[in-house]
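The following exercises concern a single protein model and are to be solved in order. Each task is followed by a worked solution.

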Amino acid sequence: MKKTIIAALFFAAALAPVARLNAVLPEDDKVFAAMRDELSRSMKKLNMDNLGKPYFLSYTVGDGHSFSVTAGFGAVEDLNSSDYRRLEVDLRVGSPEFDNSHYASNVWEGYNTVSDWNIPLDDNYDALRFAVWSATDKAYKKALETLSKKKAFVESRNMMELYDDMTPQAPYELFRPFAAERLDEDLWRENIRKVSAVFLKYPEVKYSAVRLRFKSGGVRYLNSEGSAHRRPSCAGAVSIAASGYAPDGFRLKSSHTDDFCLALDAPDIGKLLARADKIGRDLVRMSKSEPIKAYIGPVLFEEDAAGKF
């Protein structure tokens, strides 16, 4: 019996929420410094009204430049070019077996354990630290509220069989440099305008939108289990969409999207013009189609199909 109690105490101590900040972070990275210091403070001291400390905390910071342009029928409708730095916080209270995740209090809100914040673009440690602290404070209070609602829900439904909410993973480190790429934004503004102008020669096209979105930069990640990484990140897409109407008023749609990551992989303007032209011709063809006449009469089902009804 004594050995059982000692073993149980040892097992409980092993599962105690302790921040393992063993990752060797780049010394010249002010963003990582703010993330590390606030994570350490939060894991040690965050315990509002003795409701429980976090057992897991992670920060993800996306950093880079984004560019987007939208045009319709030969005119630019929207244009945005800006730097960004956004923080996501995943904070969990309770235990790996049962925490504040995997629960939605209503169908409109959905399930989300992560807070998403804009943080300073400048590498100012004090400003970054304050922003990370503010986001952590909000995430902690939300986590406590969600865990309380989740407990009440499980108890009211008398749910006995539950799966663990989190599986611990071995710590890892990966640090790669990154730099934000930029497209020739003036050139692509004109390219997107030109592609959208293709639909001017198709009166059957009643709506069209050509969009370019491109983000390039990097991601920093740090968690309380000792994992950390810094890596490049990029995402880009050019989408072409158009719609019209069939003779009976039925709405017709056609679209195409080209995805890319690096600036050098952006789709060729010639191919985009050809794609827009094909979408326009397809809509013209569909707009002249005749509705299928409804069939009312007997239907014979055999073998496997008969069993479905």
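**Exercise 1. The disulfide and its setting**

Determine whether Cys234 is buried, partly exposed or exposed, and classify Cys261 in the same way; then characterise the bond that these cysteines form.

*Solution.* The model is a predicted one.

Step 1. The relative accessible area of Cys234 is 23%. A residue is buried under 20% and exposed over 50%, so Cys234 is partly exposed.

Step 2. Cys261 has a relative accessible area of 29%, and therefore it too is partly exposed.

Step 3. The sulfur atoms of Cys234 and Cys261 are 1.6 Å apart. The cut-off for a disulfide is 2.5 Å, so the pair qualifies as a disulfide. A search of the whole structure finds one disulfide.

Step 4. About the S-S bond of Cys234 and Cys261 the torsion is about 65°, and the disulfide is therefore right-handed.

Step 5. Cys234 belongs to strand E7 (residues 228–245), whereas Cys261 is located in the loop between strand E8 (251–260) and helix H5 (269–287); the disulfide therefore ties together parts that are 27 residues apart in sequence.

**Exercise 2. The strand partners of E2**

Identify which strands pair with E2, and state how many bridges join E2 to E1, to E4 and to E3.

*Solution.* Step 1. E1 and E2 run antiparallel and are joined by 18 bridges. Within this pairing, Ser68 has Asn80 in E2 as its bridge partner. The hairpin of E1 and E2 has two residues between the strands, and Phe73 takes a positive phi near 50° there.

Step 2. Strand E4 (residues 114–118) pairs with E2 over five bridges, again in the antiparallel sense. Here Asp116 in E4 stands opposite Glu88.

Step 3. Strand E3 (residues 98–99) is joined to E2 by two bridges, and these strands run antiparallel. Ser95 has Phe98 in E3 as its bridge partner. E2 and E3 form a hairpin, with two residues between them.

**Exercise 3. The nonpolar cores**

State which residues touch the most other members of the largest nonpolar core, and which element supplies its largest share.

*Solution.* Step 1. The largest nonpolar core contains 29 residues, of which Tyr59, Leu87, Val89 and Leu91 touch the most other members.

Step 2. At least two residues of this core come from each of helix H2 (30–45), strand E1 (54–72), strand E2 (75–95) and helix H3 (125–156). H3 provides the largest share, ten residues.

Step 3. A second core, of 27 residues, is separate from it; Phe214, Ala266, Leu272 and Leu283 are among its members.

Definitions and conventions:
Residues numbered from 1 in each chain as written. Predicted model: local features only at pLDDT ≥ 70, side-chain atom pairs only at ≥ 80, totals over all residues. Heavy atoms only, no water. Core = buried A, V, L, I, M, F, W, Y, C linked by side-chain atoms within 4.5 Å. Buried < 20%, exposed > 50% of the residue type's maximum accessible area, 1.4 Å probe, protein only. Helix = DSSP H or I, 4+ residues; strand = E, 2+ residues; numbered from the N terminus. Pairing = 2+ DSSP bridges.
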